[in-house]
Amino acid sequence: MSTMTVSYEDATARYEPVIGLETHVELGTRTKMFCGCPTEFGAEPNTHVCPVCLGLPGSLPVANRAAIEATIRIGLALNCTIASWCRFARKNYFYPDMPKNFQISQYDEPLCVDGWLDVLIDGQTVRVGIERVHLEEDTGKTLHLGGATGRIHGATESLVDYNRAGIPLVEIVTKPVPGTGARAPQVARAYVTELREVVRSLGVSDVRMEQGSMRCDVNTSLNRPGEPWGTRTETKNVNSLRSVERAVRSEILRQAALLDEGGRIVQETRHFHEDTGDTRPGRSKETATDYRYFPEPDLVPLAPDPAWVATLRAALPESPRARRDRLQAAWGLSDHDMQSVLNAGALALIETTVAAGTTPEAARKWWLGELSRVANETAADLGTLATPSQVAELQKLIDDGKLTDKLARTVLEGVVSGEGSPAEVMAARGLEVVSDTGALGAAVDEAIAANPDVAAKVRDGKVAAAGVIVGAVMKATRGQADAKTVRELVLARLTG
Amino acid sequence: MSELIHKPAAELAALIAAGEVSSVEVTRAHLDRIAAVDQRVHAFLHVDAEGALAAAADVDARRADGAALGPLAGVPVAVKDVLTTKGVPTTCGSKILEGWRPPYDSTIVTRLRAAGLVILGKTNMDEFAMGSSTEYSAFGPTFNPWDLTRIPGGSGGGSAASLVAYEAPLAIGSDTGGSIRQPGAVTGTVGAKPTYGGTSRYGLVAFSSSLDTPGPCARTVLDAALLHAVIAGHDPADSTSIPAPVPPVVAAARQGATGDLSGVRIGVVREFGGEGAEPGVLAAVREGIEALVKLGAEPVEVSCPHFTYALPAYYLIAPSECSSNLARFDGVRYGLRVGDDGTRSLEEVMSLTREAGFGPEVKRRIMIGTYALSAGYYDAYYGQAQKVRTLITRDFTAAFEQVDVLVAPTTPFVAFPIGSRTSDPYQMYLADLFTIPSNLYGGPAVSVPCGLSEGLPVGLQIMAPTMADDRMYRVAAALETVVPAPVPPGL
């Protein structure tokens with residue numbers, strides 16, 4: 001362990017990082033990869049199992065066509081070439097969460113190869129090469145009891161849940177990404193973010209990192225400028241977008257400090273620790289490093305019909321990037337404003353709100369303003385607070401003069417706390433703008449009578465003083481009057 | 001009763017269908033025979049008398065109701081212990097699976113049940129089907145009814161012995177390198193390996209996935225063909241199952257039984273005609289071929305130059321696949337678990353379980369296969385063996401351009417004395433010298449009785465192109481008309 005500390009700026013000035021990412025995406029197919037068991041998350045342990053996904057003696061796999069289709073679509077969306085012929089392979093190693101003690105995966109014949117994904121960093125495009133996209137089966141989950149760390153070592157008992165065993169898993173491997181310098185951590189994060197968007201746009205996975213339906217391993221190496229690439233480490237347990245960035249940064253710092261001391265980087269698997277933000281050597285989960293891959297003899301080769309692939313290609317949805325560009329232009333947003341929308345995760349919400357008849361400005365104002373504030377305060381998902389149609393309705397009430405901006409905020413509060421639609425909340429809480437000019441007139445007259453000095457000033461031409469009377473009217477109507485209307489009434493009475 | 005057990009399956013089925021005898025009577029006759037002789041033969045690892053009688057009673061009831069029954073309905077069958085049977089122990093002849101009761105039926109067993117066959121029990125075998133003598137069963141060897149001091153062949157020695165001991169009229173085997181045919185040859189019974197993919201492997205505990213083929217064992221060619229027709233056909237649960245109609249094997253067996261082989265070209269494999277086989281075996285096979293020629297077949301000598309590399313290629317491919325297939329036996333989910341005393345690591349428990357649960361031959365093959373698949377050795381061993389496999393397939397393809405079937409001895413030697421080959425694995429492996437090429441190619445092959453040598457049965461092997469299983473049945477049935485199956489001495 002190095003005792004020296006290096007600043008990130010120093011580290012990236014002296015060394016050039018090369019990163020690479022391996023991302024696993026659990027597909028949202030109805031059934032598992034090689035059997036008919038359901039894939040739902042959160043069922044009672046070992047209830048979604050059968051002889052095949054338990055690897056019982058004699059059982060055989062049958063490939064899930066929907067999973068193959070989803071993988072091809074991911075490959076196409078990542079600009080890959082789709083193999084005309086490929087095979088599954090067995091990856092052999094012993095671990096109790098693997099029912100057969102081998103994983104059906106793909107090895108030297110992946111389904112999709114040689115693509116790319118562009119990511120935008122500070123307005124600049126970085127092209128990340130995609131080495132391969134392949135299909136495999138997920139393992140079960142082990143729970144180790146009695147140990148200090150929750151790891152198998154030191155545990156007194158281990159429980160295995162095979163519900164996840166056999167869920168289709170797509171592995172997306174980038175080519176090494178050199179030349180990003182100090183921005184390497186940002187590039188890593190931006191890549192995973194963009195990849196998530198792409199996969200989500202295809203509707204093939206819910207890509208939730210916190211539930212493990214999207215998991216990421218980050219490879220990092222450093223080299224001095226002009227020298228060959230260094231030895232890489234592989235960091236696992238990177239379970240959020242923020243962690244992706246932190247893990248690369250931390251690994252750059254660690255390796256730089258070690259290299260500065262004249263140390264040597266060991267090719268190893270490391271674990272990222274969310275709490276401390278550093279990486280530590282992981283005990284490799286497999287005991288063997290030689291997986292003895294060989295073609296899976298229980299499955300026939302996969303030869304996707306080119307016509308089928310062409311159909312899938314033609315039916316691909318608009319890419320997330322094209323969609324963003326289109327919406328940004330349509331809404332007339334600056335790059336900075338667009339970034340705020342994306343950071344808030346409000347793109348689709350605003351798009352739907354606009355589609356419901358709200359102006360882009362108004363839609364953005366509600367989602368990035370009041371609603372984002374509540375989301376941040378309550379750590380809630382923005383989309384769970386209100387629906388785009390509710391926001392559109394709220395804005396329409398303002399546009400129709402039934403709510404003032406201020407009242408609308410109160411109404412929105414009611415909507416967020418589940419009191420109903422904006423119109424219902426407005427009615428139930430009696431928040432509608434007092435637009436009855438008779439009632440307002442009486443309130444104005446009262447206010448003028450109560451403030452004779454001010455009224456005199458206004459009459460003398462000091463129009464600005466009218467604010468005091470307007471304020472009094474607003475107070476009297478508990479804010480339910482439109483301030484602009486009140487002001488007009490006041491001025492009409494005093495100067496008309 | 002005693003005449004019932006000597007009848008072929010086709011005849012029993014006809015008697016049951018005609019109501020002259022009930023399935024329960026037939027089943028009970030065989031269960032009685034098992035009770036009387038199996039202590040000496042040890043063909044069975046598990047006898048399911050209760051299940052068998054219930055199944056038989058069910059067939060009888062359905063018959064009484066006038067339901068349409070299949071051509072083998074009510075006939076008992078013995079099933080090699082490598083096929084899963086729901087709720088009935090399935091050990092594969094291994095300690096590591098002792099006590100395991102599968103929660104599901106294999107496709108073959110499902111089809112047997114659906115066709116009204118009565119499953120008597122599970123037959124003995126070399127552990128995980130690795131062996132040629134049944135001596136590698138963890139539960140003790142099976143003894144050849146022809147001479148109880150000799151082996152009944154393997155790995156399916158139990159199935160073959162049950163037929164020749166008249167414990168069962170039909171049996172199911174599995175053939176990875178000869179495990180149906182070689183026991184058939186040394187017990188004087190008929191053993192057929194269908195086209196790979198012609199019979200489902202779902203529920204067949206895997207030894208070598210690209211070679212394993214379940215198939216029928218019987219005392220007559222027609223019985224084997226009838227059983228073949230029951231178990232064969234596409235199974236969506238097995239990705240390697242062929243989605244095509246079952247070749248007309250029963251019609252072919254009936255056609256062959258007319259004794260006319262005119263127009264059939266039989267290829268005599270030059271490479272399997274001389275060295276490596278006992279003179280008595282070669283002489284009996286020569287006579288068999290001459291008999292075929294007398295029936296009108298046209299003999300053609302063909303060369304299959306790569307057949308001589310089949311044995312070494314097989315002993316890389318099969319162990320490689322088995323090293324992976326048998327990895328699941330680790331004590332975590334089912335079967336034996338050794339050393340789980342709270343002080344040992346998971347890895348130690350897995351290791352101790354496998355150490356205690358597997359026998360020496362299984363361990364040997366796991367070691368060979370693990371080595372052959374290792375980084376740095378893969379190309380030289382597994383990769384090279386796959387190339388040989390391709391060359392052997394080309395030999396077959398070329399040969400079948402000249403001839404309809406190929407003939408050769410089934411195995412180089414007659415039943416050998418128990419214990420005589422266990423000390424030298426290679427001597428044991430030689431038993432499969434002539435059967436392995438068909439497994440590597442995937443085509444069907446049958447062993448049919450072809451006289452005696454030194455008073456012990458010899459088998460003639462007939463090999464056919466993939467999905468032309470009917471051809472071998474025709475030739476086999478024709479041979480049977482002139483070279484009847486030898487009758488074993490009484491037990």
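This is a short walk through the two-chain model shown above, starting where chains A and B meet.

First, the housekeeping. The model is predicted, so to speak of a local feature we ask for pLDDT of at least 70, and side-chain atom pairs count only at pLDDT 80 or more, while totals for chains, interfaces and linings use all residues. Residues are numbered from 1 along each chain as its sequence is written, chains are lettered from A and ligands numbered from 1 in the order in which they are written, and side-chain values use heavy atoms, with hydrogens and water left out.

Okay, the interface. How many residues does each chain bring to the contact? Chain A gives 33 and chain B gives 40, where contact means heavy atoms within 4.5 Å. Between them the chains bury about 2,700 Å², 60% of it on carbon and sulfur atoms. That buried area is the accessible area, with a 1.4 Å probe, that two parts lose on being put together, summed over both. On the chain A side, the residues that lose the most area to chain B are A:Pro57, A:Leu60 and A:Arg292, together 23% of what that side buries.

Now for the charges. There is one salt bridge between chain A and chain B, meaning a side-chain nitrogen of Lys or Arg within 4 Å of a carboxyl oxygen of Asp or Glu. Which residues make it? A:Asp298 and B:Arg201 do, with the closest N and O atoms 2.9 Å apart. From chain A, β3 and β14 each supply at least two residues of the side that touches chain B. Strands here, like helices, are DSSP runs numbered from the N terminus: E over at least two residues for a strand, H or I over at least four for a helix.

Those two strands belong to an open sheet of three in chain A, ordered β4-β3-β14, with antiparallel pairing. To pair, two strands need at least two bridges between them in DSSP. The edges are β4 (102-105) and β14 (294-295), each pairing on one side only. In the middle, β3 (residues 89-92) pairs with β14(A) over two bridges, and A:Arg90 has A:Phe294 as its bridge partner. And what lies across this sheet from the other chain? Helix α11 (residues 310-325) of chain B does, touching β3, β4 and β14 of chain A and running at about 60° to β3(A). For angles, axes are lines fitted to C-alpha atoms, for helices over the stretch in contact, and values run from 0 to 180 degrees between N-to-C directions.

Staying in chain A, β11 (residues 233-238) pairs antiparallel with β10 (residues 214-223) over four bridges, and parallel with β12 (residues 269-273) over three. A:Glu234 stands opposite A:Asn219 in the one pairing and opposite A:Thr269 in the other.

Last stop, chain B. It has an open sheet of 11 strands with mixed pairing, in the order β1-β3-β2-β4-β6-β5-β10-β11-β9-β7-β8. β1 (44-47) and β8 (298-302) are at the edges with a single partner strand each, so one side of each has no neighbour in the sheet. The twist averages 30° from one strand to the next. Strands β7 (residues 265-269) and β9 (residues 405-409) of chain B run parallel, joined by three bridges, with B:Gly267 partnered by B:Leu406. Helix α10 (residues 279-294) of chain B packs on this sheet, at about 55° to β11(B).

That's my tour, thanks.
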